[in-house]
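Biologist: I would like to learn how to read a few features of a protein model. Could we take them one at a time?

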Amino acid sequence: MSIKDKLKNLTTSPGIYKFLDKKGKVLYVGKAKNLKSRVKNYFQKSANHGPKNQKLVENTADFEWIETNTEQEAIILETNFIKELRPKYNILMKDDKNFVYIKVTLNEDYPRVMVVRKMEKDGAKYFGPKTSKSSVDKTLKLLTKIFPFRDCNYDIRDVEGSVVVKGVARNLPCLQYHIKKCLGPCIGKVSQEEYRKIIDKIVLFLKGQTAEIEKQIKVEMQEAAAQRKFERAGKLRDNLFAVQNITDKQYISEANFEERDVFGFVQDLGKTFFTLLQIRDGKMIGQEKFIVEGESLDQEGEAQILEAFLEQYYAAATDIPKEILLPIPLGKETPLRGQGGVVSAEVESSKLKVQSNQADVAQESNRKNNKVQVRDIEPAVNTSPNPSLERRGALRAFKQFLSELAGRNVKLLVPQKGKKNALIALAEKNSMSYAKANRLKWMEERTIDYEKLLDELSDVLSVEKKIRRMECYDISHLGGTDTVGSMVVFHNGKPKNSDYRHFKLRSLEEGEIDDFKAMQEVLERRLKYIAFDDKKLLLGDDYKLRKGKKADLEFVEKIVKKEKLDDEDLEVKDFLILEKQALSCKPQAERIEKTAFKKDPLSKGAVSCKDTGGSKPQDMPINSLTTNQADTTQESLRFKSETLNQQQPKEVVGFVRIKTYSEKVKALGTLWVHKKERSKGFATLLCTELIRRSKLSKVYAVTSSDKAPLLFKVGFQEIYDLPKELKDHVKTCEYCQKPDSKYFAYIKSRQEHIDKSFASKPDLIVIDGGKGQLGMAQKALDEFKLKVPLISLAKKEEEIFTSDQKDPIPVEANSEVSFLIQRIRDESHRFAVTFNRELRSKRMVHSKLDEIVGLGPKMKQKLLQRFGSVEGVKNAGDGELIGVVGKGLMQKLRKEL
C-alpha cells in the first residue's frame with residue numbers, strides 16, 4: 001500500500017506514528033492528538049516545512065501508527081519507542097546505559113542499598129537517574145559512616161522471629177560487623193524493626209529530607225542519654241554532627257522547604273547540554289548533567305528540544321517534584337525569550353538563528369530589569385497573540401502526563417526575576433561549564449585537518465606566516481596568595497605538554513592582587529630568551545655594546561658621582577658600555593641634493609650638516625648649475641654624506657661592570673642606564689651580556705628589593721649569605737647598606753642548560769583576559785622589540801581582541817578556529833589553577849623554616865631533630881645554632897624568625 005493510500009486510512013484518534021526508510025528502519029517517532037491531521041501535514045506540498053522535515057519526508061518510504069486512548073498514553077508510548085529504537089531524526093537524550101540508580105530493596109526483610117543500571121518493578125525504592133557513578137559511590141561510602149547498613153548480597157529473612165540466611169550457614173559475622181559498619185542482621189544481632197529504622201533514615205537522606213533525620217536522631221540521642229546508654233548516645237551524636245556537616249555544605253537553602261527541579265541548557269558542538277538542579281526540603285541535594293543529540297538537532301527549536309528531553313527524562317525518573325523551573329516555555333512554537341509573542345519553530349534555519357539571538361538578548365534584558373513576574377506556562381501561552389490550539393493541547397497533555405507519573409499536580413514555571421530566576425541562571429552557568437569540558441574531549445577525539453585549520457586561523461587573524469607554535473598565558477591566585485603564571489604550548493594545533501612551563505611570580509608582594517603586573521612579569525621572563533639570543537632585536541642600528549675605554553673614564557666618574565653609585569676601584573676595562581648614535585644625519589643627503597652653492601661645489605665649507613653645527617648652505621635651484629657642475633656636485637654629495645655618517649659622534653647611554661674582590665669573588669655592580677632609555681630592556685641586556693662575556697662560573701650582587709626583579713630576569717637567585725670579601729665591602733659601602741638590601745648569586749652551571757621551549761619563538765601569543773592583560777603583554781613585546789602576533793580572549797563573550805584594533809575580531813562562534821583558541825585558553829587556565837593548588841597544598845604543611853632562602857631540606861631536618869620545633873629553634877642560643885648551621889645561617893635565622 002502506498003503512503004497516499006495509508007493516509008486515507010488514518011483516524012482522528014490520539015496516538016504515535018513511525019516513519020520508516022526503504023529498509024524498514026525507523027527514522028522518526030512522533031505523537032499526535034489527531035493522527036490524521038498531524039501525519040497528513042508532513043506530506044502536503046503546500047506546507048511550509050523546515051529543513052529537518054523536508055529531509056525526513058524525502059527519506060521516508062513508509063509509515064506505521066498506533067492508536068491510544070489519551071494523549072498521555074501517546075507520550076508514554078512515544079518515549080518508550082524513542083528509548084528502544086533511538087531513531088535518527090528524533091531528539092535523543094544520551095544513551096541511558098551510562099545512567100545509574102540507587103536502589104533500596106524495601107521488598108526484603110533486611111533491605112540493602114546498592115547501585116544498579118536498570119530500574120525494575122520489584123517493590124524496591126529507586127533514586128535517579130544519576131549520571132555520575134563515582135559520585136553515587138561517594139554518597140554510599142558516606143552513608144556507611146553514618147548508618148550501619150549491610151552491603152552483602154545474602155538473602156536474609158525473618159522466619160517467625162528467627163533469622164535465616166538462605167543457602168548459607170552463618171555462625172559468625174563478617175568484618176563489617178567488627179568495625180561497626182554493620183549491625184549483624186545475618187546472625188540475629190539486630191531486630192527487623194530496628195534495622196528498618198536505619199533504612200528509613202537512609203531513604204529520607206536520599207530524598208534530601210535531612211531536617212527530619214536530624215529530628216529523629218536528636219530524639220533517639222536524648223532517649224539513650226536518659227537511659228544512661230552513653231556509648232549509644234555518643235554514637236548518635238556523631239551521626240547527628242555528620243548529617244549537619246552535610247547540610248552546612250549546601251550552597252542553596254530556602255526557608256519555604258520547596259521541592260523543585262531546575263533546568264538550564266546551552267547548545268554547543270551540535271549538541272544540547274542540560275543541567276538539572278534537584279532541590280528537596282529547601283536544599284540542593286544533587287546536580288545531574290545530560291547531553292541531548294540528534295541528526296538534525298541544530299534545525300529544531302529550543303522549546304522542542306526542551307520538551308523532548310523532559311519527556312525522556314521524567315519517563316525514566318524516580319522522583320518528580322511539585323514544581324519544575326524551566327528557562328523557556330514549552331510547546332511546538334518557540335517564543336522569543338522574555339517577550340509575549342510566539343513564532344513558529346518550523347522555520348528555515350537562517351531565520352531560527354536570528355530569532356534565537358534576539359531571544360537571548362530579550363531574556364537577558366528582562367532578567368536584569370526584573371520587569372516580568374514568574375508565570376505558569378499555560379496561562380502565559382493563553383495570553384499570547386494567536387495561540388495554537390495544538391500547542392495548548394500538547395502542553396496540557398504534558399502537564400497531565402507529569403501529574404499522573406507523580407500522582408499529584410505538577411507546576412511548570414518560567415521565572416523571570418527573583419530567586420527562582422537566579423536558580424535558572426545557576427543551572428545555565430553549570431551547563432556552559434559542562435559544554436566547555438566536553439568541547440575539550442570532543443577536540444581530542446575527532447579527526448581534524450590541522451593544516452587546513454591553521455591556514456584558516458592565519459587568515460582570520462591576518463597573519464602572513466603560517467601559525468605553527470601557539471603559546472597561551474594565564475595568571476592564577478587565591479586572594480593574592482601563591483600567584484602563579486602558566487605557559488601552555490600548542491604545536492600544529494595539538495598540545496605539546498613537554499613545552500608547558502610554570503612561573504612563580506616574584507614582583508608581587510604576598511596578598512597583592514595585580515593581574516596586569518603579573519602578566520607583564522611572566523611575558524618579560526619568557527620573551528627575554530628570544531630577545532637576548534638575537535641582540536640586534538634590542539639594539540637595532542642605533543645602539544652598540546662595547547668594552548670600556550680610557551676615554552670613557554671621565555664620563556663614568558661623572559655619572560657615578562651624580563647617581564651616587566659604587567665608585568670604588570673604577571677600572572673602565574671592567575665595564576660594558578652601551579653606546580648610541582648621538583644625532584642622526586640620515587636625511588642629510590636628501591637635503592644636500594636639493595641645495596646649490598654660490599661657491600665651487602668642491603670648495604671648503606660648501607657642504608655641511610646643520611645638525612652637527614656646520615655652516616648653513618645657501619639655497620639655489622639645482623637646475624641652474626651646468627651639467628658638469630651637477631655631476632661633480634652629486635659625486636661630492638655622496639662622498640660628504642658617507643664621511644659625515646662615518647664620523648658621526650656617539651653617546652654613552654648605559655654601562656655596568658663586574659668588580660673583582662678576590663680571585664674567586666666577583667660581583668655585578670655600578671649599573672646605569674640613561675633615564676630616556678630605561679623602558680627598552682637595556683639594563684637586563686647589559687647585565688646578561690656582561691656575564692656571558694666574562695666567562696665567570698659565579699657572580700654575586702647586592703641590591704635593594706626594588707631592583708630584585710631585574711636580577712631575577714637575568715638569572716640571579718637570592719641567597720642568604722655572602723663571601724667574606726663581599727661582607728667586608730658591604731659594611732663600608734653606603735650604597736649597599738640600605739635597609740631592604742638583598743643578596744644574589746648567578747651560578748653559570750645552572751644557567752648553561754638551554755630551555756628548548758623558551759628558545760623556540762612563538763608564531764602566536766594568546767592571553768587569557770581582556771584588553772587590560774592584552775595591553776601589558778604588548779608592553780612586554782615592545783620592551784624587547786619583538787614582532788609576534790598577539791591576541792587576547794575575553795571569557796564573558798569569548799571575544800578575540802588585538803592591541804591595534806578597538807573592536808573584536810569577527811570569528812564564527814562554533815567554528816573550529818574558535819574552538820582551537822578557546823581550547824588553548826582553557827588549557828592554560830587549567831594548568832595555572834593546578835599549579836596554584838599544588839603550592840597552596842604545600843604551604844598547608846610547611847613551616848616558617850621553609851620560607852628562609854638558602855636553608856635546604858637537610859639543614860631543616862638537622863634543626864628540627866636538634867630543637868624539636870620551629871619554636872625550639874627560635875628559643876635556642878646563638879652558640880647552639882652555630883654548632884648546627886654555622887654563623888651565617890644563624891644570623892639569617894635570627895633575622896627571619
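Modeller: Start with exposure in this predicted model. Arg228 counts as exposed because its relative accessibility is 64%, and the cut-off for exposed is over 50%.

Biologist: Where does Arg228 lie?

Modeller: Arg228 sits in the loop that runs between helix H8 (210-226) and helix H9 (230-248). Its backbone deserves a look as well.

Biologist: What is to be read from the backbone there?

Modeller: The general idea is that most residues other than glycine have a negative phi. In this structure, Arg228 has a positive phi, near 65°, and is not a glycine. Ser462 also has a positive phi, near 55°, in a residue other than glycine.

Biologist: Which elements flank the loop of Ser462, and is Ser462 buried or exposed?

Modeller: The loop of Ser462 lies between helix H15 (450-461) and strand E18 (469-478). Ser462 is exposed, as its relative accessible area is 64%.

Biologist: Now the opposite case. Why does Leu140 count as buried?

Modeller: Buried means under 20% relative accessible area. Leu140 has 12% relative accessibility, so it counts as buried. Leu140 is part of helix H5 (residues 133-146).

Biologist: Which residues are in contact with Leu140, leaving aside neighbours within four places in sequence?

Modeller: With those neighbours left out, the contacts of Leu140 are Ile102, Val113, Met114, Val115 and Phe149. Take Val115: 25 residues separate it from Leu140 along the chain, and the two C-alpha atoms are 8.9 Å apart.

Biologist: How would one read burial for a whole helix?

Modeller: List its buried residues, then see what they pack against. In helix H31 (residues 887-896), the buried residues are Gly888, Leu889, Met890, Lys892 and Leu893. The partners of the buried residues of H31 are strand E27 (717-719) and the helices H28 (857-867), H29 (870-875) and H30 (878-885).

Biologist: And charge on the surface?

Modeller: Look for like charges that gather. Here Lys558, Lys562, Lys675, Lys676 and Arg678 form a patch of positive charge on the surface. Lys562, one of these residues, belongs to helix H18 (residues 553-563) and counts as exposed because its relative accessibility is 63%.

Biologist: What do the totals for the chain look like?

Modeller: The chain has 31 helices and 31 strands. Of its 897 residues, 47% are buried. Its accessible surface comes to about 47,400 Å², with 48% of that belonging to carbon and sulfur atoms. Among contacts with a separation of 6 or more, 66% join residues 24 or more positions apart.

Notes: Residues numbered from 1 in each chain as written. Predicted model: local features only at pLDDT ≥ 70, side-chain atom pairs only at ≥ 80, totals over all residues. Heavy atoms only, no water. Patch = residues over 30% accessible without salt bridge, like charges linked within 9 Å, V, L, I, M, F, W, Y side chains within 5 Å. Areas by Shrake-Rupley, 256 points an atom, 1.4 Å probe, with all protein chains shown as cover. Salt bridge = Lys/Arg side-chain N within 4 Å of Asp/Glu carboxyl O. Lys, Arg positive; Asp, Glu negative; His and termini not counted. Charge placed at Lys NZ, Arg CZ, Asp CG, Glu CD. Helix = DSSP H or I, 4+ residues; strand = E, 2+ residues; numbered from the N terminus. Buried < 20%, exposed > 50% of the residue type's maximum accessible area, 1.4 Å probe, protein only. Contact = heavy atoms within 4.5 Å.
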